[in-house]
Amino acid sequence: MTSEPGSGKMSFMSKPTIAVKSVIIRFAGDSGDGMQLTGDRFTMDTASLGNDISTLPNFPAEIRAPQGTLPGVSSFQLHFADHHVRTAGDAPDVLVAMNPAALKANIKDIPRGATIIVDKDEFTTRNLTKVGYEANPLEDGSLSSYKIHPVALTSMTVAALAELPLSRKEAERAKNMFALGLLSWMYHRPTEATEAFLKAKFAKKPDILEANLIAYRTGWNYGETSEDFATSYEVAPAHMSPGVYRNIGGNIALAYGLIAAAQQSGLKLFLGSYPITPASDILHELSKHKKFGVVTFQAEDEIAAVGSALGASYGGALGITTTSGPGIALKSEMIGLGVMLELPLIIIDVQRGGPSTGLPTKTEQADLLQVMFGRNGESPAAVIAASTPSDCFTMAMEAVRIATTYRVPVFLLSDGYIANGSEPWKIPDVATLPDLSVEFAKSQEDFLPYLRNPETLARPWAIPGTKGIEHRIGGIEKQDKTGEINYEPANHDFMVRTRQAKVDGIEVPDLDVDDPTGDATTLFLGWGSTYGPISSAVEVLRGNGEKIAQAHLKYINPFPKNLGAVLEKYQNVITPEMNLGQLAMLLRSKYLKDIVGYNMVRGLPFTTAELVEAAMGVLHND
Amino acid sequence: MTDLALTKKDFTSDQEVRWCPGCGDYSVLSTMQSFLPELGIPREDIVFISGIGCSSRFPYYLNTFGMHSIHGRAPAIASGLAISRPDLTVFVITGDGDALSIGGNHLIHALRRNVELKILLFNNRIYGLTKGQYSPASEQGKITKSTPYGSLDTPFNPVSLAIGAEATFVARTIDSDRKHLTEVLRQAAAHKGSALIEIYQNCPIFNDGAFDQVKDNETKEGSLLQMVHGQPIKSSTYGVIRDGGSLKLVELSTIDESQLVIHDAHDLDPSYAFALSRLSGSDLEHTPIGIFRDVQRPGYSAMVNDQLTSIIQSQGAGDLEKLLNSGDTWVVD
């Protein structure tokens, strides 16, 4: 037997099992086929087995592009292994293609010899023609170098659900669960969590629940019984440090980090936000957690979103706004006001492809110079960047620390890759989270709103409701200490330099350099979401006997104090960026050090292979 | 209410007022400083937030908390403050350019949400601080620096706009009429949600005499249609009667005054207040003055905070450890 109906337990009997070290699977289908959900569930079930994982969803900007077309293809890739993985992987071992469009859109990324599972029911003349296949690739021999499994996914799903009171269309919709069941069998994934998930999701729709459960189990049983699938695979758990883990995506980690920071600071979290891809999930997540006293305000536009956050901050709340590049462009003037008012303000930029509307659902790192300099006047703000999905938690807390300590706008850069990607996260012990408590100005006589703390240069956080410190602030240049309007030349020069000095003096940790042999002459220096691909390339290079050092910048304005010394130590510094060299420009101008850029703006993360190749070119002077 | 025994002097800051001589802003400031003690609210619990424009210097001259922000955005900033600090009394100071042009979006959204803001819109029908361009409230054909051949734009009627956004309190008053202005401020302060007060304000430099029709002793009585709740709406010569589903002006001499509309500021149907707002044209010959609309609808920050309270009551306060450990978790030994 393969399953005990209703028990949720499945077991293996007859087929051989092969142990493998790592697997990369890409699920691809129409954007209505539920590929993201399928990928998510496979990820969750894989995480609970203790494999290390990295995921990469890739979907079109259109919610439902015309069915069966190339622009409508949505995919979800995951890489899981018995060892630490850094990226979602360059080349899938398995492609699940739910239709000809999914096959055509993805086949170029699939190495020869890989496994391809397709829904052969979808390979009709009409669907083939729609994407420009002149002959059926399942029949014309063009896929002969792959292990191809044409499976009648749709018709088997519909047949399995024949007893249920569902339309054909409704029954067909469960085919992604068939695919998930089949892959779960192939890789020995546990099924309890997905069954529990489906039960919760469709609690109010018993027929749909039943359909999904049956399709899921049918897919599993098909793997176990069909002669087409002779083997299944096992991936042993990865070695991870002891603790409680969960899988987490960047946007969720960021939302949790903000909630944690609010709690650790004792401040009320106020989010002013306007929906924008790929940042909206932070708004969605925070809006669920009102029991933490979280206020989420969906503003009328990006300007009101940051304006309301600044207003809340003026009143003593933790004012936060979340957006992507186009939103930053709209918010710039208000952020400049935040610089002038010297109030804490947190601006989260989940970067996407630009300029203009650009590639809303794709990743890029091209907002760095915008957040550094995209305001009128000398308008310094702190800039920090998260490097992995789970790092978003830590960096959200750092953004809050800097904003509240120095009363300054802080940009936290994320991007589409880490926002939507996920990885296992060792859940921190709440007791070990940093204390972020703040002090407001107290009632006093002769209050001076711009009298600075001599160490941090921060002015008092003087909130309404505090007797005796009533004062007026604004965007016009202020007199030192009193904060009154002042147009004097020397005062303006002093205030401009003081605001800059405040940001320059922000305490940030030194840059860690990973240089195991200590005598590498080439440094891989990245920032943001390139951490995974760079680390993966560094592993490959070292495995090949190359000497290469690695460092990753999480603090960009100000840079870590030791950065100059680090740059000086290495003959070559390679900086891969998903832009045309923005960090490189900052490094060159500040440290007069040449930087070897590796720059691509394809909307996708770097592959390990291309970074290895780029490094080899530098290491061996090709 | 008067326990605090505050006086006008307590609300006057030490800053030198820097408007042009004869500017209507002076009288509004003076009226506000005189009115604030009446509220019985401590100075530290009052915040004035302004945008950009001549009138937006207002907060500097009041000894309360204040923020002179950026062009058009005061309602957005004030919304964030009011929502996160429902204990405060928040005024927004804006002008016709600030509120109706660059900041039009924030104004209508603050009003439709009914955020607890008292918005004073100083309407001088001109851009003063940028030295004399036409504004979205300027009459069509206006000759200004930027429209030497006359402006082509149809102006906004700020009151119509506010009522269109379903503002719960909308009034019009005049800078120089301290008594009327004070009474409108009083009613606005007593109102629970958003209040929009259009103040006709003279700019002696770039648009002098724009409101003479409703200020000069010779013409004002005949031009101002007084709106007092429970009283017939009329000027000295004209009155307002129903006309099908709408309202129209008639000469008082041609009707029996019992036909006049008795003003009901609490009418929930905004079309009544809207019809009133449409009686006036740019020429100001028939200008309704007073409170167009004063209806009750839950205030936004009250709703936000009630929602938080009820969620915390029903679900308990958030537990960070539980949150971080939610979803599918696994243990590595």
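Which residue of E2(B) is the bridge partner of Gly474(A)? Keep that question in mind as you walk through this predicted model; the tour comes back to it at the last stop.

**Stop 1: the domains of chain A**

Start by colouring chain A by its assigned domains: domain 1 covers 17-235, domain 2 covers 246-432 and domain 3 covers 513-619. Now show domain 1 and domain 2 of chain A together. Their centres, taken over C-alpha atoms, are 34 Å apart.

**Stop 2: where domain 1 meets domain 2**

Zoom in on the place where these two domains of chain A touch. Here 13 residues of domain 1 are in contact with nine residues of domain 2. On the domain 1 side, select helix H1 (35-47) and strand E3 (52-58) of chain A, the elements that each give two or more residues to this contact. E3(A) gives the most, with six residues. Try colouring the domain 1 side by residue class: you will find nine nonpolar residues, three polar ones and one charged one.

**Stop 3: a pair of helices**

Next, select residues 250-265 of chain A, which form helix H9, and residues 280-288 of chain A, which form helix H10. The axes of these two helices come within 8 Å and cross at roughly 50 degrees, so H9(A) and H10(A) are oblique to each other. The crossing of H9(A) and H10(A) is right-handed.

To see who makes the contact, show side chains. From H9(A), pick Asn251(A), Ile252(A), Leu254(A), Ala255(A) and Leu258(A). From H10(A), pick Asp281(A), Ile282(A), Glu285(A) and Leu286(A). By class, this contact of H9(A) with H10(A) has six nonpolar, one polar and two charged residues.

**Stop 4: chain A against chain B**

Bring chain B into view. The contact between the chains takes 57 residues from chain A and 52 residues from chain B. Several elements of chain A give two or more residues here, among them H1, which you met at stop 2, H9 from stop 3, and helix H12 (325-341). Select helix H11 (302-314) of chain A too, since it is a good place to linger: H11(A) gives the most to this side, with nine residues. Coloured by class, the chain A side shows 29 nonpolar, 18 polar and 10 charged residues.

**Stop 5: strands across the chains**

Finally, select strand E17 (472-474) of chain A, another element on the side that touches chain B, along with strand E2 (residues 65-68) of chain B. These strands pair in the parallel sense over three bridges. Click on Gly474(A) and look across to E2(B): the bridge partner there is His68(B).

Conventions. Residues numbered from 1 in each chain as written. Chains lettered and ligands numbered in written order. Predicted model: local features only at pLDDT ≥ 70, side-chain atom pairs only at ≥ 80, totals over all residues. Domains from an automatic or database assignment. Contact = placed C-beta atoms within 7 Å. Helix = DSSP H or I, 4+ residues; strand = E, 2+ residues; numbered from the N terminus. Nonpolar A, V, L, I, M, F, W, Y, C, P; charged D, E, K, R; others polar. Axes fitted to C-alpha atoms, helices over the stretch in contact; angles between N-to-C directions. Parallel < 35°, antiparallel > 145°, perpendicular 65-115°, else oblique. Left-handed = near helix turned anticlockwise from the far one by under 90°. Pairing = 2+ DSSP bridges.
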